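Trainee: Before we look at anything, could you help me see how the words used for a structure follow from their definitions?

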Amino acid sequence: MWTQRIKTGLVTTTAAASLLLLAACGPSPSPAGSSSAPPTSSSASPTSASPSASNSPSPSGTATSAAPAAEGQCKAGSLTAATDSTGGGAAGSIYEKLILTNSGTTPCTLEGFAGVSLTADANGAPIGEPATRETTTPVTKIELAPGKSAWAELRYTQAGNYGDCTKVPAAGYRIYPPNDTASLFVAEQHDACSNAGIKLLTITAFQAV
């Protein structure tokens, strides 16, 4: 009987040891509450987020168009020119009114300074320096109806005031209206200085009559 009990105990002990060995070699159980699903990245942005810069429409305010060319300006072809020397003179200078009149059939605008030079004749080249702008009179836009006029003050300084002046007789003034490359001629005899650097003429901006 003792031999049988020893054998039975040995079998039981051997079986128990085998079970413990199998348990030790098996996979470890996952911790409670853990998930087997792979983790998701929190850095990925959903497609419904604010649009990226590449999808944003270009701002419409950046495109600009060139300013349209001025229309309705008074041109030499629709103007007549005259001078009025009743303003008198002082210290070797003559003050005159340079008058431009709208001789056309439609209104036009006059704004700024005329270009004025002394010239040998109606078709001749300017002699000496052109008129210097006198900026004490503000520039204004003047609406000239047909038959209406505007004026600017023109000052001529006697050529004899300059000892180094090379005198050349001039038959009158070549007048370029503001913003125009065509000219008008006003016959009025004066001495001009053909050498550069001597400025005999000054002109103001046009004013309404």
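Mentor: Let us begin with pairing: two strands pair if DSSP finds at least two bridges between them. Keep in mind also that this is a predicted model, in which Leu100 stands opposite Ala150 in β9.

Trainee: How do you know that β3 and strand β9 pair?

Mentor: Nine bridges are found between β3 and strand β9 (residues 149–157), in the antiparallel sense, and the definition asks for at least two, so the two strands count as a pair. Leu100 and Ala150 stand opposite each other in this pairing, and Glu96 has Leu154 in β9 as its bridge partner.

Trainee: What makes β9 and strand β13 a pair?

Mentor: Strand β13 (residues 207–208) is joined to β9 by two bridges and runs antiparallel to it; since at least two are required, the condition is met. In β13, Ala208 is the bridge partner of Ala150. Strand β12 (residues 201–204) is also antiparallel to β9, with three bridges between them, and here Arg155 stands opposite Thr202.

Trainee: Which strand is joined to strand β1 by six bridges?

Mentor: That is strand β3 (residues 93–102), which runs antiparallel to β1 (residues 79–84), with Ala82 opposite Ile99.

Trainee: What makes β9 "mostly covered"?

Mentor: A residue is called buried when its relative accessible area is under 20%, and seven of the nine residues in β9 are buried. For the chain of 209 residues, the buried share is 27%.

Trainee: Why are β6 and β11 called edge strands?

Mentor: An open sheet of four strands runs in the order β6-β5-β10-β11, with antiparallel pairing. The strands β6 (126–127) and β11 each pair on one side only, and that makes them the edges. The partner of β11 is strand β10 (residues 167–176), with eight antiparallel bridges between them, and Ala170 stands opposite His190 in β11.

Trainee: What holds strands of a sheet together in general?

Mentor: Strands pair through backbone hydrogen bonds, in either a parallel or an antiparallel way.

Trainee: How do you know that Glu188 has no salt bridge?

Mentor: A salt bridge needs a side-chain nitrogen of Lys or Arg within 4 Å of a carboxyl oxygen of Asp or Glu. For Glu188, which is buried, the nearest side chain of opposite charge is Arg155, at 13 Å, so the condition is not met.

Trainee: What does the side chain of Glu188 make a polar contact with?

Mentor: Its partner is the side chain of Thr83, at 2.7 Å, and since a polar contact requires a pair of N or O atoms within 3.5 Å, this distance fits the limit. Glu188 lies in strand β11 (residues 184–193), and beyond its neighbours within four places in sequence, Glu188 is in contact with residues including Thr83, Glu96 and Tyr173.

Trainee: What makes the pair of Glu129 and Lys199 a salt bridge?

Mentor: The side chains of Glu129 and Lys199 meet at 3.6 Å, N to O; the limit is 4 Å, so the pair qualifies. A search of the whole structure finds one salt bridge. Glu129 lies in the loop between β6 and β7 (132–134), while Lys199 lies in the loop between β11 and β12, so the pair ties together parts that are 70 residues apart in sequence.

Trainee: Why is Glu129 called partly exposed?

Mentor: Its relative accessibility is 22%, and partly exposed is the class between buried, under 20%, and exposed, over 50%, so Glu129 belongs there. Lys199, at 42% relative accessibility, counts as partly exposed by the same rule.

Trainee: How do you know that the side chains of Ser149 and Thr101 make a polar contact?

Mentor: The distance given for them is 2.5 Å, which falls within the 3.5 Å that a polar contact allows. Ser149 lies in strand β9, and leaving out residues up to four places away in sequence, it touches Ile99, Leu100, Thr101, Leu144 and Val209.

Trainee: How many helices and strands are there in the chain?

Mentor: The chain has one helix and 13 strands. Among its contacts with a separation of 6 or more, 74% come from residues 24 or more positions apart.

Definitions and conventions: Residues numbered from 1 in each chain as written. Predicted model: local features only at pLDDT ≥ 70, side-chain atom pairs only at ≥ 80, totals over all residues. Heavy atoms only, no water. Buried < 20%, exposed > 50% of the residue type's maximum accessible area, 1.4 Å probe, protein only. Lys, Arg positive; Asp, Glu negative; His and termini not counted. Polar contact = N/O pair within 3.5 Å; in protein donor to acceptor, adjacent residues only side chain to side chain. Contact = heavy atoms within 4.5 Å.
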